[in-house]
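Subject: Handover of a structure, with notes

Dear colleague,

Please find the structure below, together with notes on what was found in it. I would be grateful if you read the notes with the model open beside them.

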Amino acid sequence: MLSEQMTRKFSGWLPAVAVAVLVVGMSEVATAATPFPAWDGEPNTTRQGYAFTSRSLTPAADILRNPYQTPVATVTLGALNDGWQDPQVPWANSGVLSDGAWDIGKAGTITVTCKVAATPPATVYRIDFLVYAVAYKGLTAMPSFECPGLPASALTLTQATVATDPKFPGATWEGLKWIGYFDNVTTNTVSFVIKSPSNNMSVIDTYEVFTKVTGTGVINYDAWALEQGFVAGTAGRLDNPDNDGRINMLEYAFATNPRASDPGPMILSGTAITRRGAPFVKWSPVPYAVFARRDDYLTSGVTYLAQFSSDMKSWTTSTAAMTVLADDGVIQAMSVPFPAGPKQFFRVWVSVP
Ligand SMILES: [Ca+2]
Ligand SMILES: [Ca+2]
Ligand SMILES: [Ca+2]
């Protein structure tokens with residue numbers, strides 16, 4: 001006979017695993033100082049680079065590795081544009097390598113649309129990307145970047161000076177690197193848009209797009225944290241910026257919102273998860289505990305241990321068969337039966353690499 005006394009304790013530990021982020025910096029003749037993603041050249045990746053050596057508004061890629069489709073680049077000129085910057089014209093801002101550049105005016109755009117996989121996926125997947133542009137910083141302004149379908153907060157920008165302009169003291173060519181990713185994607189075509197400000201023009205020298213598809217839709221903690229747009233200093237696994245008692249690594253493990261207080265338990269309606277949240281206990285038809293487990297827990301390395309105790313001192317990891325009650329595409333509601341005993345407590349241990 002089971003007592004209704006129970007507790008749910010949600011604990012986390014950090015394993016002694018260092019998470020290393022490798023950024024490989026290389027330079028290349030065609031596109032000065034391109035910061036390559038660590039995964040460039042791996043299977044399921046593409047690369048398309050534009051140096052803008054002609055005045056074509058639909059330039060062909062100067063560097064191309066995309067087995068799925070020839071990408072389409074479109075230059076749309078905005079107000080007060082000076083158009084293509086010819087290397088033969090004195091004073092033109094023709095680029096770091098003097099091979100041509102586009103002054104796209106105010107609110108001008110350069111869009112690259114490409115396939116990142118041969119066909120739309122049968123199951124959801126994830127698209128990582130790195131976009132790199134070299135733009136002129138003088139009387140013109142830095143462009144912004146938009147990836148339709150992604151909020152700006154999902155993008156990380158790094159800016160570094162590539163070269164100075166000897167003709168104009170103080171003017172520079174700036175390298176702008178944006179990284180981000182889509183998850184739960186069901187399309188194989190993505191657009192990448194660089195845009196000049198509405199009140200100022202930009203000159204774009206080079207534009208490169210790298211993509212990588214991951215077939216399983218795996219999202220590790222660091223990628224998840226990047227997508228959340230955390231305020232600096234609150235993205236750690238043990239941080240709890242929304243003060244709801246659930247640290248970030250558990251928000252990740254249970255797929256709850258790390259920026260909104262949502263301390264309640266998960267709610268199921270039939271086989272649907274109507275609210276994500278903390279584990280809960282059901283007493284009929286037999287006593288069992290239910291907790292959220294990420295669909296990608298195996299490939300993302302997250303460990304969940306369903307543990308029971310009769311005294312809250314000694315805990316035993318359940319080896320009973322678990323049942324999937326529901327799946328919303330990100331998490332599964334896992335059911336684990338209570339062991340026999342007059343009084344049993346339940347907790348979930350979570351480790352996140
Ligand atoms: Ca150029
Ligand atoms: Ca929290
Ligand atoms: Ca929360």
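How many bridges join strand 10 to strand 13, and in which sense do the two strands run? Twelve bridges link strand 10 (residues 125–137) with strand 13 (residues 172–185), and the two run antiparallel. Within this pair, Asp 128 stands opposite Tyr 181 of strand 13.

Before going further, please note how the model is to be read. This is a predicted model, in which local features need pLDDT of at least 70 and side-chain atom pairs count only at pLDDT 80 or more, while totals for chains, interfaces and linings use all residues. Residues are numbered from 1 along each chain as its sequence is written, and chains are lettered from A and ligands numbered from 1 in the order in which they are written.

**Overview and confidence**

The chain contains three helices and 24 strands. Helices (H or I, at least four residues) and strands (E, at least two) are DSSP runs, numbered from the N terminus. Of the 353 residues, 36% count as buried; a residue is buried if 20 or more other C-beta atoms lie within 10 Å of its own, exposed if 12 or fewer, and partly exposed in between, with C-beta atoms placed from the backbone.

Two residues are in contact if their C-beta atoms, placed from the backbone, lie within 7 Å. Among contacts with a separation of 6 or more, 66% are between residues 24 or more positions apart.

The average pLDDT (the predictor's confidence in each residue, from 0 to 100) is 86 for the chain, and 88% of the residues score at least 70. Among the elements, strand 6 has the highest mean, 98, and strand 2 (residues 24–25) the lowest, 27. Over residues 1–31 the pLDDT stays under 50, and the model has 55 contacts beyond four places in sequence for them. Where pLDDT is low, the predicted coordinates should not be read in detail.

**Strand pairing and sheets**

Strands of a sheet pair through backbone hydrogen bonds, either parallel or antiparallel. Here, two strands pair if DSSP finds at least two bridges between them. Strand 13 also pairs with strand 12 (residues 156–164), in the antiparallel sense and over eight bridges; there, Thr 156 has Ile 179 of strand 13 as its bridge partner.

One open sheet has four strands in the order 6-9-14-11, with antiparallel pairing. Strand 6 and strand 11 (144–146) are its edge strands, each pairing on one side only. Its neighbouring strands are turned by 15 degrees against each other on average, direction ignored. For such angles, axes are lines fitted to C-alpha atoms, for helices over the stretch in contact, and angles run from 0 to 180 degrees between N-to-C directions. Three bridges hold the antiparallel pair of strand 11 and strand 14, in which Glu 146 stands opposite Val 193.

Another open sheet of four strands follows the order 18-19-23-22, and its pairing is antiparallel. Why is one side of strand 18 and of strand 22 left without a neighbour in the sheet? Strand 18 (280–282) and strand 22 (323–327) stand at the edges, and each has a single partner strand, so one side of each is left without a neighbour. In this sheet, the average turn between neighbouring strands is 35 degrees, direction ignored. Strand 22 is joined to strand 23 (residues 331–337) by four bridges, and Ala 326 has Ala 333 as its bridge partner.

**Nonpolar cores**

A nonpolar core is a set of buried Ala, Val, Leu, Ile, Met, Phe, Trp, Tyr and Cys residues joined through C-beta atoms within 7 Å. The largest has 45 residues, and those with the most contacts inside it include Trp 102, Ile 127 and Val 131. Strand 10 supplies the largest share of this core, ten residues. Apart from it lies another core, of 32 residues, among them Tyr 288, Phe 308 and Val 336.

**A loop residue**

Ser 318 is found in the loop between strand 21 (316–317) and strand 22. Is Ser 318 buried or partly exposed? Ser 318 counts as partly exposed because it has 17 C-beta neighbours inside 10 Å. Leaving aside residues up to four places away in sequence, Ser 318 touches Ala 306, Gln 307, Phe 308 and Val 336.

Yours sincerely
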